[in-house]
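This briefing looks at the enclosed empty spaces of one protein model and at the residues that surround them. Please keep the sequence and the structure in view while reading.

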Amino acid sequence: MPPFARPYRALASAFSLLAWCLSSCTERPAATTPAWLVERGRQEAELAARSHVVHDFRFSDQRQASGITFQNRVVDDAGRAYKLAHYDHGSGVCAADVDGDGLPDLYFVTQLGTNELWKNVGNGRFVDVTARAGLALPDEIGVGCAFADIDNDGDPDLFITTVRHGNRLFENLGNGTFRDITVQAGVGYVGHSSGAVFFDYDGDGLLDLFLTNVGVYTGNARGRGGYYVALSDAFLGHLHPERAEASILYRNLGGNRFKDVSRDVGLVDLSWTGDATAFDVNDDGFPDLYVLDMQGGDHLWLNEGGKRFRDATAKYFPKAPWGSMGAKVFDFDGDGRLDIFVTSMHPDMWVNIAPGDWAAEGRKADTSTVAGGMIPEGKDRFIFGNELFANRGGGRFEEISDSVGVETYWPWGPSVDDLNADGWDDIFIAAGMNFPYRYGINSVLLNEGGRRFLPSEFVVGVEPRLNGITQQVWFTLDCNAADRDHPFCGPCAHPESMGGACRVDAAGHLTMMGSLGTRAAVALDLDGDGDLDIVTNEFNAAPQVLVSDLAQRHQVHFLKVRLRGTHSNREGLGAQVTVVLPDGRRMLKVLDGKSGYLSQSDLPLYFGLADADDATAIDVRWPSGRRQTVPGPIKAGRTIDVIEP
């Protein structure tokens, strides 16, 4: 079988599963939760009843109450002209206090329409300030966003990536308004860009920028809204070396100027990459780069003293993930060493698992279904599924994802933080494939004391979605006029053949349904009540604003730690912060800003303290190498500003 046959056969299978799901799960006219989701909720409730982890709280979607009216809109290649292409990766959502009022604001990215900045006015309410802020970008085919203080002036600046519409850098003028400094900065690369990561690779106190580029997956024809139409074999691009598109390392020169130093420092990465993350894998004080590859194996680039990078993947991750999308570095088991969690989407594209087969969703992908030609390097070199690499010290990482229960289906990227404030970081995974695939759930994995993760999305109200809805109108066609030759017009005139996925009325108007799905998310204290909420960026839909009621059910003991570098970059990106509890337990977090797929935010670190009323100390290892201890007792319920000595 040729290498291209299986993905397209899987696509045909996806249409049949979508039809099955929509015919049995349709929410018209009154929304009801599909039976297979109800059963999953029952199973999770049984598991939760046997667990000691705090789970008696709920998230509820408060988007309407928030005032947010943003709508993510996608190009036709993800809808009426659907093809297997990278447009279905969607767009990011980022958070930062852009105007210095102490409240986190939200920036949503979209392909069509305009990205939007929503100002937090308190009590969970937001207002659209996009135009006033100078950030209106109509039909820019936006992908990723990253907030970071590039000029060390104390406010977050904003970088935005696009597909062939030019990346943009905006300087924050200090009052929540921005000016475009792309040309001056020299970061206006035009290509198939994706995620962006700010970090200080050379320790000079200025934040540098690593830009990930996917690869050439479009031609020069233009579609509605000005997007570049995807190649018919876009999904096979990694088999064409001439389509590789190197990612870029920009060094911050100061004065809002950057220079491409990728080749100068030996960091030439040709992965089909959507995102990356920085962390100090060998604890030498210089941040290394973990680069994800959505159509190949991931790469670890070791930073050699801020002068050069070398590919050290084989040493640290001899069997690397294949088809990865998102990653987050955190200390999941409280041993004082930073682990890395990787979510892998593309292995789940080979077999369409039927709704309700939760056992299959919890297993690694079956590589026997993958044509060998799709993985020229050989299957035995890679892991096909999510990975949790536990840091065992001495440069050794052990892959333990299955034993701790973090395998999920159709994952994009993780947002990691302490959702129940018990002192152990939990995981939210944005997931789902949307049209033409069936509905897939987002996951919440509650950390059971560093031993295992408890699947809890139904227990805590993230699933099912509001009113049990799993699908929406995806697109419409006029089959008696302009769209009469569209390939869906014939089959949808006989809806029984499509299982209710589409229908054509007497006037020839076709309505096609599609599944809902999330692409990116950020965990933050939206309403200032001391617990963490979750905001998503959906694909072709309005966001979810998932507000937690933990603080209404329990007294929440927490600390927020905000850093101010003096010798280090002012934001403190790259710092390792440890909060010490009265019982001696040490909780380590790294300030990297990574808040979900395609997203980097500027938020204080959040530490749940469980039942402790205070912390004994806060230890900081700054990017400059300086170490600092803030002595306690430090009373809970506060935001602590730590200034580098």
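**Internal cavities**

In this predicted model, the largest cavity has a volume of about 120 Å³. Of the 14 residues that line this largest cavity, Asp331, Gly423, Trp424, Asp425 and Met587 are the closest to its centre. The structure as a whole holds three cavities of 30 Å³ or more, and the second largest of them has a volume of about 100 Å³.

**Largest cavity: location and lining**

- Residues of domain 1 (70-470 + 516-552) and of domain 2 (558-643) both contribute to the lining of the largest cavity, which is why this cavity lies between the two domains.
- Two strands, β38 (586-590) and β41 (605-608), each supply at least two residues of the lining of the largest cavity, and β38 gives the largest share of that lining, with four residues.
- When the lining residues of the largest cavity are sorted by class, six are charged, five are nonpolar and three are polar.

**Second largest cavity: lining**

- For the second largest cavity, with its volume of about 100 Å³, the lining consists of 15 residues, of which His86, His89, Gly90, Val143 and Tyr217 are the closest to the centre.
- The lining of the second largest cavity holds nine nonpolar and six polar residues but no charged residues, whereas the lining of the largest cavity includes six charged residues.

Notes: Residues numbered from 1 in each chain as written. Predicted model: local features only at pLDDT ≥ 70, side-chain atom pairs only at ≥ 80, totals over all residues. Heavy atoms only, no water. 1 Å grid on protein atoms, 1.4 Å probe; cavity = no way out; pocket = protein on both sides within 12 Å on 5 of 7 lines; lining within 4 Å. Points joined across faces, edges and corners; volume = space filled by probe spheres on them. Nonpolar A, V, L, I, M, F, W, Y, C, P; charged D, E, K, R; others polar. Domains from an automatic or database assignment.
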